[in-house]
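Colleague: Please take a close look at one part of this model, the backbone in its loops. Then place that part in the setting of the rest of the chain.

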Amino acid sequence: ALTVRHTFNVGNLRLNRLCKNQVITAVNGGLPGPTIVAQDGDTLVVRVNNISPYNVTIHWHGVFQLMSAWADGPEYITQCPIRPGQSFTYRFNVTRQEGTLLWHAHFKALRTTVHGALIIRPARGRTYPFPTPFFEIPIVLGEWWNANIMDVEEEAVSTGRPPNMSNALTINGQPGDLYPCSSANTVRFTLVRGKTYLLRIINAALNTPLFFKIANHKFTVVAVDASYTDPYDSDVLVIAPGQTVDALMTADQALRRYYMAASAHVVPPLAPYVNISTTAIVSYLGAAPLSPPLMPAMPGARDSDTAHAFLSNLTGLTSSPHWTPVPLEIEERMFVTVGLGLVPGPCDTPTGVCSGPGGQRLAASMNNVSFELPERLSIMEAYVNNVSGIYTADFPDNPPVTFDYTNPSNQQNPALMGTARGTRVKVFKYNATVEMVFQNTAVLSSDDHPMHLHGLNFYVVAQGFGNYNPQTDAANFNLVNPQERNTVVVPAFGWVVIRFRANNPGVWFVHCHIDAHVPWGLSNAFIIENGPTPDTTLPPPPSDLPKC
Ligand code: C2O
């Protein structure tokens, strides 16, 4: 195994998109930032120099961080932020996983522009569990705002209303030629007819689940979230924020030009980009250079049948060298509601009245707890040093009231929406086997919630619509070859059941990867205690860990 070294200079730069200049914060002057390529078992050493005006941390989304939780990155969970002018070096191994992940800032909404691909190839001497592709193509999907994203978020949080939506979707930082002033910089890929490509697709968008297609072409999905899947054929890919898909695609169509396109799934009907896909041009070598590219027919923005079919048909590749069996004996069972609500003001507006529905402020919660980051010290430092007053270890295993979670007539019922802010975390014994039902609530609105767990992958053993029913739904669990993920979509009006083994000591953020829901409280932290041996004990923090 080798050591892969990078230096990330996080700073501001001016870019022109959609006919406008905008100052953004980015890494090494690029959007997206640098692609990190490693092999299973390598050590990554990334020095982060913060020359931006904001605090920053970097999270290696989906990397297990086995025994290296100090390098995980979420602000006030495992570290205090790197202040402007300061540096911190992240050191960790990538091990027991292969495929495509992403790295991104984990300070407020900064990940909008501070992100990039993280690719883990098989260890030296090993091969992919599929025919070696001719070429690999990283594709980072994102969003572009015609405003400073930190101001957008600040304004939304202080007034209690939803944040302004982005002005465009992007492929590798470019909106593509269906948006104004974008055609000259549309991303282009050249393919050789007859060859098979490995597309490594990342949804780095802030708030938008996406559909992805290439006109006339079919994909074979081989991995999601850097876990191999059984090969799954589809002409559309469905990718929520924080998820990745590795898909093979053979250039087996006529010599011409095609659009690659991503479009929004589950967005409010008035989103500026709702009817505009981001596009890149896929040209076959030898195709007429100026011929109009063929556009794929994209699914509609609320096509949850297409999304559910894709997401529920995937299965894990049990012959993968990294496969471990699904836990069958469960020690900890939890039922966790995830959803949005409203809480009374006051807000930071001229009148003190909030700008959310009914003059209230938007909130979000897990089991009616709206999680609050401590902002005085990271939870992991408080945990290992026994500092009191930072968090309490009393996150409830069940919601406070049971009701018909998916009945829209519950909307705006204050008794169901009332959430309490708090830093109430859940503690797991080392190696505990856990089953967690995530039940989406339709109390305020019906969004998908892509729930992301740091530090661990989990198995998605079942998913469905309506209220989860332990009597009937448990009979249909896939305990043989479920897909393994770090981010799972809890569908609007539906639920998912995950299982995992709590075998990585540390403090792990768990949250909705729709970024707007995080400051409203749709998050929590899971503490996993040390195991019995030195190699299952969290090491001390690195000496340059930023101070609060
Ligand atoms: Cu990709 Cu905590 O996030």
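Modeller: Strands and helices here are DSSP runs, with at least two residues in state E for a strand and at least four in state H or I for a helix, and they are numbered from the N terminus. The model is a predicted one.

I start with Tyr-76, which sits in the loop between β5 (58-61) and β6 (87-93). Its phi is positive, at about 65 degrees, although Tyr-76 is not a glycine. Is Tyr-76 buried or exposed? The cut-off for a buried residue is 20 or more other C-beta atoms within 10 Å of its own. Tyr-76 has 26 C-beta neighbours inside 10 Å and therefore counts as buried.

A positive phi also occurs at Asp-225, with a value of about 50 degrees, and this residue is not a glycine either. Asp-225 belongs to the loop between β14 (219-224) and β15 (227-234). With 25 other C-beta atoms within 10 Å, Asp-225 is buried.

The strand that leads into the loop of Asp-225 can be followed further. β14 is joined to β17 by four bridges, and the two strands run antiparallel. In that pairing, Ala-223 of the chain stands opposite Asp-246 in β17. Strand β17 covers residues 244-250 and is mostly covered itself, since five of its seven residues are buried. β17 also pairs with strand β12 (residues 196-203), in the antiparallel sense and over seven bridges. Here Ile-201 is placed opposite Val-245 in β17. β17 is thus paired with β14 and with β12.

Next come the cis peptide bonds. One of them runs from Leu-31 to Pro-32, with omega near -5 degrees. Pro-32 is in the loop between β2 (20-27) and β3 (36-39). Another cis peptide bond leads from Gly-345 to Pro-346, with omega near 0 degrees. The loop that holds Pro-346 lies between β20 (332-343) and β21 (361-366).

For the setting of these loops, the domain assignment divides the chain into domain 1 (1-123), domain 2 (127-317) and domain 3 (332-536). How many residues of domain 1 are in contact with domain 3? There are 14 of them, and they meet 17 residues of domain 3. The domain 1 side of this contact is made up of eight nonpolar, four polar and two charged residues. The C-alpha centres of domain 1 and domain 3 are 25 Å apart.

Helix α2 (residues 304-313) has Ser-304, Ala-307 and Leu-311 as its buried residues. Viewed down the axis of α2, these buried residues fall within an arc of 60 degrees, so they line one face of the helix. What do the buried residues of α2 pack against? They pack against β16 (237-239) and β29 (487-490).

Towards the end of the chain, strand β32 (residues 523-528) is mostly covered, with five of its six residues buried. β32 runs parallel to strand β24 (residues 426-428), to which three bridges join it. Within this pair, Lys-426 has Phe-526 in β32 as its bridge partner. β32 also pairs with strand β31 (residues 506-512), over six bridges and in the antiparallel sense. Phe-509 stands opposite Ala-525 in β32.

Some overall values complete the picture. The secondary structure consists of five helices and 32 strands. Of the 548 residues, 52% count as buried; Tyr-76 and Asp-225 are in that class. Among contacts between residues at least 6 apart in sequence, 78% join residues at least 24 apart. Along the principal axes, the C-alpha atoms fill a box of roughly 65 × 60 × 55 Å. The radius of gyration is 22 Å, which agrees with the value near 24 Å for a compact globule of 548 residues.

Methods: Residues are numbered from 1 along each chain as its sequence is written. This is a predicted model: local features need pLDDT of at least 70, side-chain atom pairs count only at pLDDT 80 or more; totals for chains, interfaces and linings use all residues. Domain bounds come from an automatic or database domain assignment. Two residues are in contact if their C-beta atoms, placed from the backbone, lie within 7 Å. Ala, Val, Leu, Ile, Met, Phe, Trp, Tyr, Cys and Pro count as nonpolar, Asp, Glu, Lys and Arg as charged, and the others, Gly among them, as polar. A residue is buried if 20 or more other C-beta atoms lie within 10 Å of its own, exposed if 12 or fewer, and partly exposed in between; C-beta atoms are placed from the backbone. The arc is that of the directions from the helix axis to the C-beta atoms. The radius of gyration is taken over C-alpha atoms; the globule rule is 2.2 Å times the number of residues to the power 0.38. Two strands pair if DSSP finds at least two bridges between them.
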